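Biologist: I should like to learn how to read a structural model feature by feature. May we begin with the fold as a whole and then turn to particular places?

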Amino acid sequence: MMDWTDRHCRYLHRLLSRNTLLYTEMVTAPALVRGGALHLLDFDLAEHPVALQLGGSDPAELAKAARLGQDAGYDEINLNCGCPSDRVQSGTFGAVLMQDPGLVADCVRAMRDAVDVEVTVKCRIGVDEQIPEEVLPEFLSRVGAAGCKRFTIHARKAWLQGLSPKENRDIPPLDYGLVQQMRGLFSGLHLSVNGGVTSLDQAEAFLAAGLDGVMIGRAAYHDPASVLIDADRRIFGDTAPGLSAEDAVLAMIPYIEGHLTTGGKLAQVTRHMLGMFQGRPGARVWRRMLSEGAHRKDAGPALVEQALAAFQRAQAEAADSDAA
Ligand SMILES: Cc1cc2nc3c(=O)[nH]c(=O)nc-3n(C[C@H](O)[C@H](O)[C@H](O)COP(=O)(O)O)c2cc1C
């Protein structure tokens, strides 16, 4: 997610779950290939498994960008066919590609020829006046024939004109039933559903109903502990003990120290940690101390330790008043 799932966010999320597949923000192929912005590919080895999401619509350029992604060490290259923002439309990539499955197929073919890692696609069920029941199967069939075997389907249309990107994530109605139908039609494809999933209960229900995967976006960002900590056990059957939210915060401290040493800013990391204790007593003081303090000139890891201590005090007080 642009501006959200940067490398600091992904490092934190990986501490919470060993098995979930993490995605980068969309990186455009022109930025990598023409702009030489290779720093956009930087990531920490701890983030594996991690997929690089590319935006673009020129097969040769996407092939080069995919190659750069593979060389940087990404486990998967994903093509964005779902993002409706104006900026992205003007470059002819994102959701507008739902109108041209032949071009997407060409892009996928070129990318697959350039890399050994898996090439996957994230798409919508359609755009504008398209009829999803017709468009989606044709899209999956043509892009699948080009060798993409794994799709993540955001189960709503995108309106390319008239709705903001934010509105396009909420207003067009979700049609999970259509995604389920695709499961029946395309037994050779790995299909994940995306859009509006806020809990592991919901994710488990989709998997029980036959879908192959579930992508969780906003809920995983705003409430990472609830979504990610139990995912290893409940979704992947991995019963090895994991970190608690508090332990993950402590494990971020050396990471933050490293980031500051290389000239980074505390807030660049802590902004992704604000939701760590979402819904728990003390969540507010944690959030407030981090958001007010992290921008100060001398702010460092001690702020995180102080905010954690304040959270823990609030927890203890809540437990005392429950017991009273
Ligand atoms: C701030 C923000 C940035 C996003 N950026 C991307 C992106 O770069 N690539 C992408 O495929 N989807 C992007 N999305 C869409 C999400 O991946 C997801 O499809 C959408 O939010 C619906 O899923 P959710 O209800 O689980 O959040 C973004 C969403 C948000 C909120």
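Modeller: Certainly. Please keep in mind throughout that this is a predicted model.

Biologist: How many helices and strands are there in the protein chain?

Modeller: The protein chain contains 15 helices and seven strands. To judge how compact such a chain is, one compares its radius of gyration with the globule rule. Here the radius is 21 Å, close to the 20 Å that the rule gives for 324 residues, so the chain is as compact as a globular protein of that length. Along the principal axes, its C-alpha atoms fill a box of roughly 60 × 45 × 40 Å.

Biologist: What share of the residues counts as buried?

Modeller: A residue is called buried if 20 or more other C-beta atoms lie within 10 Å of its own. By that count, 39% of the 324 residues are buried. As for contacts with a separation of 6 or more, 69% are between residues 24 or more positions apart.

Biologist: Which domains does the assignment give?

Modeller: The assignment gives domain 1, residues 7–236, and domain 2, residues 245–323. Their centres, taken over C-alpha atoms, are 31 Å apart. Where the domains touch, 12 residues of domain 1 are in contact with 13 residues of domain 2.

Biologist: Which elements give two or more residues to the side of domain 1 that touches domain 2?

Modeller: They are helix 1 and helix 10 (224–228). Helix 1 gives the most, with six residues. By character, the residues on this side of domain 1 divide into eight nonpolar, three polar and one charged.

Biologist: Let us turn to a single strand. Why is strand 1 described as largely enclosed?

Modeller: One counts how many of its residues are buried. In strand 1 (residues 22–28), six of the seven are, so the strand is largely enclosed by the rest of the structure. Strand 1 runs parallel to strand 2, and five bridges join the two. In one of the pairings, leucine 22 has valine 50 of strand 2 as its bridge partner.

Biologist: How many residues surround the ligand, and which are the closest?

Modeller: The shell holds 21 residues, and the closest are Met1, Met2, Met26, Gly217 and Arg218. Strand 1 and helix 9 (218–222) are the elements that give two or more residues to this shell. Its residues divide into eight nonpolar, eight polar and five charged.

Biologist: Finally, the backbone. Where is there a cis peptide bond?

Modeller: The angle to read is omega. A cis peptide bond joins histidine 48 and proline 49, with omega about -5°. Proline 49 belongs to the loop between helix 2 (29–33) and strand 2 (50–55).

Biologist: And phi? What is the phi of aspartate 3, and is this residue buried or exposed?

Modeller: Aspartate 3 has a positive phi of about 70°, although it is not a glycine. It lies in the segment before helix 1 (7–16). With 8 other C-beta atoms within 10 Å, aspartate 3 is exposed.

Biologist: What is the corresponding reading for aspartate 128?

Modeller: Aspartate 128 is not a glycine, yet its phi is positive, at about 45°. Its place is the loop between strand 4 (118–124) and helix 6 (132–145). Aspartate 128 has 15 other C-beta atoms within 10 Å and is therefore partly exposed.

How values were computed:
Residues numbered from 1 in each chain as written. Predicted model: local features only at pLDDT ≥ 70, side-chain atom pairs only at ≥ 80, totals over all residues. Helix = DSSP H or I, 4+ residues; strand = E, 2+ residues; numbered from the N terminus. Buried ≥ 20, exposed ≤ 12 C-beta atoms within 10 Å, placed from the backbone. Pairing = 2+ DSSP bridges. Rg over C-alpha atoms; globule rule 2.2 N^0.38 Å. Contact = placed C-beta atoms within 7 Å. Domains from an automatic or database assignment. Nonpolar A, V, L, I, M, F, W, Y, C, P; charged D, E, K, R; others polar. Near = placed C-beta within 6 Å.
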